[in-house]
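Grab a pencil and open the viewer. Below is a short set of exercises, each with a solution worked through step by step.

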Amino acid sequence: MYRELKNHVIRLLDANRRLDGRGLLDYRTPIEVTYGVIKTAEGSSRVKLGDTELIVGVKMEVGEPYPETPDEGTIIVGAELLPLSSPDFELGPPGIQAIELARVVDRGIRESKAVNFKKLCIEPGK
């Protein structure tokens, strides 16, 4: 069965198609973005891509910078995969999938230089 699926996926890729029939560069539709969905967060949004829904919240607090980067602020990325969204996800501490998702998002933000961490610093060393 694995070999059949692999061959099927290879044929689809050769035809520039995904498993669901979309082209390789086609987005899932509709795309909807709603802002301010978490009232206790400093910023939040809900993004819907077809049947996939993502909710993001940003919390901010003042803290001390790391000693090796005293003139930079920092971020902490966390992810929760709710049991309501898949039977593979369980309540409790984050599973390996949530931890890996948070790591990938964190690395993506840092490596893309999308956030200027020096601008997050209020007073170097404090």
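The exercises that follow deal with a predicted model.

**Exercise 1. Work out the strand order of the sheet and find which strands sit at its edges.**

Step 1. Start with the overall layout: three strands make an open sheet, ordered E1-E2-E3, with antiparallel pairing.

Step 2. Look for strands that pair on one side only; these are E1 (31–35) and E3 (52–58), the edge strands.

Step 3. Check the twist: from one strand to the next it averages 15°.

**Exercise 2. Count the bridges on each side of strand E2 and pick out a facing pair for each.**

Step 1. Take the E1 side. E1 and E2 run antiparallel and are joined by five bridges. Here Thr-34 faces Arg-46 of E2.

Step 2. Now take the E3 side. E2 covers residues 43–49, and seven bridges hold its antiparallel pairing with E3. On this side Leu-49 stands opposite Thr-52 of E3.

Step 3. Have a look at the turn. The hairpin of E2 and E3 leaves two residues between the strands, and Gly-50 there has a positive phi near 65°.

Step 4. Finish with one residue of E2, namely Lys-48. With a relative accessible area of 30%, Lys-48 is partly exposed. Its C-alpha is 6.6 Å from that of Val-33, though the two are 15 residues apart along the chain.

**Exercise 3. Compare the span of helix H2 with the expected one, then sort its residues into buried and exposed.**

Step 1. Get the span. H2 runs over residues 96–112, which is 17 residues, and its first and last C-alpha atoms are 24 Å apart. That is close to the 24 Å expected at 1.5 Å a residue.

Step 2. List the buried ones, with under 20% relative accessible area as the cut-off. In H2, Ala-98, Ala-102 and Asp-106 are buried.

Step 3. Ask where these three point. They span an arc of only 65° around the axis, so they are on the same side of H2.

Step 4. Recall the helix rule: with 3.6 residues a turn in an α-helix, residues three or four places apart point the same way.

Step 5. Turn to the other side of H2, where Ile-96, Arg-103, Arg-107 and Glu-111 are exposed.

**Exercise 4. Describe the largest pocket: how much space lies in it, and what lines it?**

Step 1. Begin with the volume: the largest pocket holds about 1800 Å³ of space.

Step 2. Go on to the lining, which comprises 40 residues. Nearest the centre of the pocket are Gly-57, Val-58, Lys-59, Ile-76 and Val-77.

Step 3. Assign the lining to elements. E3 and H2 each contribute at least two residues to it. E3 gives the most, with seven residues.

**Exercise 5. Track down the unusual backbone spots outside the hairpin and say where each one lies.**

Step 1. Set the baseline: a negative phi is the rule for most residues other than glycine, and most peptide bonds are trans.

Step 2. Find the cis bond. The peptide bond between Thr-29 and Pro-30 is cis, with omega about -5°. Pro-30 belongs to the loop between helix H1 (2–14) and E1.

Step 3. Stay in that loop, since Asn-16 also lies between H1 and E1. Asn-16 is not a glycine, yet has a positive phi of about 60°. Asn-16 is partly exposed, at a relative accessible area of 47%.

Step 4. Move on to Lys-113, which follows H2. Lys-113 is no glycine either, and has a positive phi of about 65°. At a relative accessible area of 66%, Lys-113 is exposed.

**Exercise 6. Locate Gly-95 and say how far it is from Leu-81, in sequence and in space.**

Step 1. Place the residue: Gly-95 sits in the loop between E3 and H2.

Step 2. Check its exposure. The relative accessible area of Gly-95 is 39%, which makes it partly exposed.

Step 3. Read off both distances. Gly-95 and Leu-81 are 14 residues apart in sequence, and 8.3 Å apart in space from C-alpha to C-alpha.

Terms used
Residues are numbered from 1 along each chain as its sequence is written. This is a predicted model: local features need pLDDT of at least 70, side-chain atom pairs count only at pLDDT 80 or more; totals for chains, interfaces and linings use all residues. Side-chain values use heavy atoms; hydrogens and water are left out. Two strands pair if DSSP finds at least two bridges between them. Helices (H or I, at least four residues) and strands (E, at least two) are DSSP runs, numbered from the N terminus. Axes are lines fitted to C-alpha atoms, for helices over the stretch in contact, and angles run from 0 to 180 degrees between N-to-C directions. The expected span of a helix is 1.5 Å times one less than its number of residues. Buried means under 20% relative accessible area, exposed over 50%, partly exposed in between (1.4 Å probe, protein chains only). The arc is that of the directions from the helix axis to the C-beta atoms. On a 1 Å grid over the protein atoms alone, a cavity is a set of points where a 1.4 Å probe fits but cannot get out, and a pocket is an open set with protein on both sides within 12 Å along at least five of seven lines; lining residues have an atom within 4 Å of a point. Grid points are joined across faces, edges and corners, and a volume is the space filled by probe spheres set on the points.
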